[in-house]
Amino acid sequence: QVQLVDSGGGLVQAGGSLRVSCAASGRTFSRYAAGWFRQTPGKEREFVAVISWDDGATYYSDSVKGRFTISRNNAKNTVSLQMNSLKPEDTAIYYCAASAQYRYTPTRVSDFDYWGQGTQVTVSS
């Protein structure tokens, strides 16, 4: 079992930066791929970024590529998402997720088994 706790959301102006983080419990977290998704009211949860279990591979959605960076620290059981050049359309609840099914770069909601509670990110224009 893995438990995830998201933190770091907030309000930022367009063009600014924000970092969201996820703290995981459970000794096997380092064996899982970890990712970030986001969701706005009335829409489906959307893939943002994923990092493989060994930090060897990352993959991003086209909408955030070049602006967001995902990283992990397996010694500390944490995953972070650094968000730069934020846009109002990045406004959403951001969720950390871990996949026990895949170790590399899954991207579908169904590929992930554990979820954080979410943290709100609001970008003002």
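**Figure 1. Salt bridges of the predicted model.** Five salt bridges are counted in the structure, a salt bridge being a side-chain nitrogen of Lys or Arg within 4 Å of a carboxyl oxygen of Asp or Glu. The structure is a predicted model, in which local features need pLDDT of at least 70 and side-chain atom pairs count only at pLDDT 80 or more, whereas totals for chains, interfaces and linings use all residues. Residues are numbered from 1 along each chain as its sequence is written, and side-chain values use heavy atoms, with hydrogens and water left out.

**Figure 2. Close-up of Arg-38 and its two acidic partners, Glu-46 and Asp-90.** Arg-38 forms a salt bridge with Glu-46, with an N to O distance of 2.9 Å. The side chain of Arg-38 also meets that of Asp-90 in a salt bridge, again at 2.9 Å from N to O. Arg-38 belongs to strand β4 (residues 33-39) and Asp-90 to the loop between β8 (78-83) and β9 (92-99), so this pair ties together parts that are 52 residues apart in sequence. Strands (E, at least two residues) and helices (H or I, at least four) are DSSP runs, numbered from the N terminus. Arg-38 is buried because its relative accessibility is 6%, while Glu-46, at 34%, is partly exposed. Here buried means under 20% relative accessible area, exposed means over 50%, and partly exposed lies in between (1.4 Å probe, protein chains only).

**Figure 3. Close-up of Asp-90 with Arg-67, and the resulting network.** A salt bridge joins the side chains of Asp-90 and Arg-67, with 2.8 Å between N and O. This pair links distant parts of the chain, with Asp-90 in the loop between β8 and β9 and Arg-67 in the loop between β6 (58-60) and β7 (68-73), 23 residues apart. Both Asp-90 and Arg-67 are buried. Through salt bridges that share partners, Arg-38, Glu-46, Arg-67 and Asp-90 are joined into one network. For Asp-90, the relative accessible area is 1%, and the residue is therefore classed as buried.

**Figure 4. Close-up of two non-glycine residues with positive phi, Asn-77 and Ser-85.** Asn-77 is not a glycine, yet has a positive phi of about 55°. This residue is found in the loop between β7 and β8. Asn-77 has a relative accessible area of 17% and is therefore buried. Ser-85, likewise a residue other than glycine, has a positive phi near 50°. Ser-85 lies in the loop between β8 and β9. With a relative accessible area of 41%, Ser-85 is partly exposed.

**Figure 5. Close-up of the disulfide between Cys-22 and Cys-96.** The structure holds one disulfide, a disulfide being a pair of cysteine sulfur atoms within 2.5 Å. Such a link is a covalent bond between the sulfur atoms of two cysteines. Cys-22 is joined to Cys-96 with an S to S distance of 2.3 Å. The link of Cys-22 and Cys-96 is left-handed, with -75° about the S-S bond. The two cysteines connect distant parts of the chain: Cys-22 is in strand β3 (residues 18-25) and Cys-96 in strand β9, 74 residues apart. Cys-22 counts as buried because its relative accessibility is 1%, and Cys-96 counts as buried because its relative accessibility is 0%.
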